[in-house]
2 protein chains.
Amino acid sequence: MQRYFLAEPYRPQPVYTLTGETYHHIARVMRMKPEAEIYLVFADQRAIVAAIKEITEEAVLAVELRKEALAKELPVTITIASGYPKGDKLELIVQKGTELGAAAFIGFPATSSVVKWDEKKLNKKQQRLAKIAQEAAEQSQRQAAPAVELLASKKQLQEKLSEFDAVFVAYEEAAKQGEKAQLAKLLQQVQPGAKILAVFGPEGGLTEQEVAAFTAAGAITGALGPRILRTETAPFYFLAAASYQLELL
Amino acid sequence: MQRYFLAEPYRPQPVYTLTGETYHHIARVMRMKPEAEIYLVFADQRAIVAAIKEITEEAVLAVELRKEALAKELPVTITIASGYPKGDKLELIVQKGTELGAAAFIGFPATSSVVKWDEKKLNKKQQRLAKIAQEAAEQSQRQAAPAVELLASKKQLQEKLSEFDAVFVAYEEAAKQGEKAQLAKLLQQVQPGAKILAVFGPEGGLTEQEVAAFTAAGAITGALGPRILRTETAPFYFLAAASYQLELL
């Protein structure tokens, strides 16, 4: 069933009036008819099943049938911060990371980042990534589409660290030394509703100085198993492990 | 440090003589010099650190310095079976799945598979995927490069099921119904050395008939968390959860 994300929070209404892109997609792209059922997902992560009653020239009118039964969001919010990687890897991180439950994505220029993006390029890239996140959220039946923020400096990331309850830095050296305890410790101790930031370096990894700056601000460093994961694969491991620990165990 | 996979099992030797592609890569591509150190990974998954002693016109001569200390392989062998997906998704599954620890990959024509590959195409594809697996195994510092097998019929997959100690079928309907117990149960009960087959449908999913055929042969069906994962993302979840449960917890 098709899933539409709305900008406003949930407020019960006898009839929901859908306009703009949602209207266009229902009426023109999908060519739905009255009686068809859709999901409506509100900005406060509440979701309902609705039936289309009428399609006018300007709006789709729909009525609520029932609340969506299952919780589709992780019990903690996980933000993935990636040092800008090469090529279209950030697209892959955002698409798959959204399916795997990430709450938000942050890109930042790490010391080893090869790409240099100016403000115009960052804006364009941000729009593209936000669209990918929204589409992946619809496809994976999420109750929220992750936000995407692309930073112009590392300092901006440092300034955000205090917003999080825990900061985990995936560190290749930890994997090489066989570190095994930190990720499980974090995921087993974390409280529902906690805000976690997981930081990943670009292809060349994070420098010692970068890791030191994160740990000085209270971050923990750890490995994601004994194998060396690429910059785009490591976030998938982190998110899947979090889901397994917090949603299945 | 560069990693080379050799076709023979480990047997201690005063000097290891490296020829063929390994020689070519060391001498011509990397242009290494005597004293440079490399990993040599043998067919029985044993790995050593070796130092190059001499590079002749035909061979690299190397001596063992020490055994590789860490175990890089999952304590169980996991084979990922994917119903042929569209485009180059199988490449992505094999590359990332190798990083995440898969022991082998099997492709098979599922009912919903759109692509139809003849024997010639399957052979070509298999060679390409085996190369991707080998490169990803080197990059992620594995002690074994996964095998890749592309089947021409579903029957061939059915005939293999008895080779495995457990068969897990990732089923979208299970995710939609909020199934949560099966994956954790499997991973918590599995014995070291066990052979697990994890089966994933193509974009359209597995049909009810396909799932029934697997369960009739003893397979369990289950979900990978509450979100709907794409065909290429689901194996990443399975492998990361297995690593988290078996290597970190």
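What percentage of the 249 residues of chain A count as buried? In this predicted model, the figure is 54%. The fold itself is a mix of helices and strands, with eight of the former and eleven of the latter in chain A. Laid out along its principal axes, the C-alpha trace of chain A spans about 60 × 45 × 30 Å. The radius of gyration of chain A is 20 Å, which agrees with the value near 18 Å that a compact globule of 249 residues would have. Sequence-distant pairings make up much of the contact list: take the contacts in chain A between residues at least 6 apart in sequence, and 76% of them join residues at least 24 apart.

As for the outside, the accessible surface of chain A adds up to about 11,200 Å², and carbon and sulfur atoms account for 49% of that. On the charge side, chain A carries 30 positive and 30 negative charges, and their mean positions sit 3 Å apart.

Next comes the pairing of the two chains. Chain B can be superposed on chain A by a rotation of 180° with 0.0 Å of shift along the axis, at an RMSD of 0.0 Å. That is the relation of a two-fold axis. Looking for the C-alpha of chain B nearest that axis leads to B:A241, at 2.6 Å from it. Both copies use the same surface, as 100% of the contact residues of chain B recur in chain A.

A few individual positions help to fill in the picture, starting at the N-terminal end of chain A. A:Q2 comes in the segment before β1 (3–5) and is partly exposed, given its relative accessibility of 24%. Setting aside residues up to four places away in sequence, A:Q2 touches A:H25, A:M30, A:M32, A:I38 and A:Y39. A:L183 is another matter: this residue is 181 residues along the chain from A:Q2, and the two C-alpha atoms are separated by 36 Å.

A:D44 belongs to the loop that links β3 (37–41) to β4 (47–55) in chain A. With 33% relative accessibility, A:D44 also counts as partly exposed. Beyond its neighbours within four places in sequence, A:D44 is in contact with A:P9 and A:Y10. The C-alpha of A:L6, a residue 38 positions from A:D44 in sequence, is 9.6 Å from that of A:D44.

A:V199 is a buried case. This valine is part of strand β10 (residues 195–200) of chain A, and its relative accessible area is 0%, so A:V199 is buried. Its contacts, not counting residues up to four places away in sequence, are A:A81, A:F108, A:V167, A:F168, A:V169, A:A170, A:L206 and A:F214. The run from A:V167 to A:A170 is thus among the residues that A:V199 touches. A:T221, which is 22 residues from A:V199 in sequence, has its C-alpha 9.3 Å from that of A:V199.

Over in chain B, is the acidic residue B:E210 buried or exposed? B:E210 is in helix α7 (residues 208–216) of chain B, and at 5% relative accessibility this glutamate counts as buried, because the cut-off for that label is under 20%. Leaving out residues up to four places away in sequence, B:E210 touches B:A110, B:T111, B:K154 and B:G205. A lysine, B:K154, is therefore one of the residues in contact with the buried B:E210.

How values were computed
Residues are numbered from 1 along each chain as its sequence is written. Chains are lettered from A and ligands numbered from 1 in the order in which they are written. This is a predicted model: local features need pLDDT of at least 70, side-chain atom pairs count only at pLDDT 80 or more; totals for chains, interfaces and linings use all residues. Side-chain values use heavy atoms; hydrogens and water are left out. Helices (H or I, at least four residues) and strands (E, at least two) are DSSP runs, numbered from the N terminus. The radius of gyration is taken over C-alpha atoms; the globule rule is 2.2 Å times the number of residues to the power 0.38. Buried means under 20% relative accessible area, exposed over 50%, partly exposed in between (1.4 Å probe, protein chains only). Contact means heavy atoms within 4.5 Å. Accessible areas come from the Shrake-Rupley method with a 1.4 Å probe; for residues, only the protein chains shown count as cover. Lys and Arg count as positive and Asp and Glu as negative; His and the chain ends are not counted. The place of a charge is taken as NZ of Lys, CZ of Arg, CG of Asp or CD of Glu. Copies are superposed by least squares on the C-alpha atoms of residues with pLDDT of at least 70 in both.
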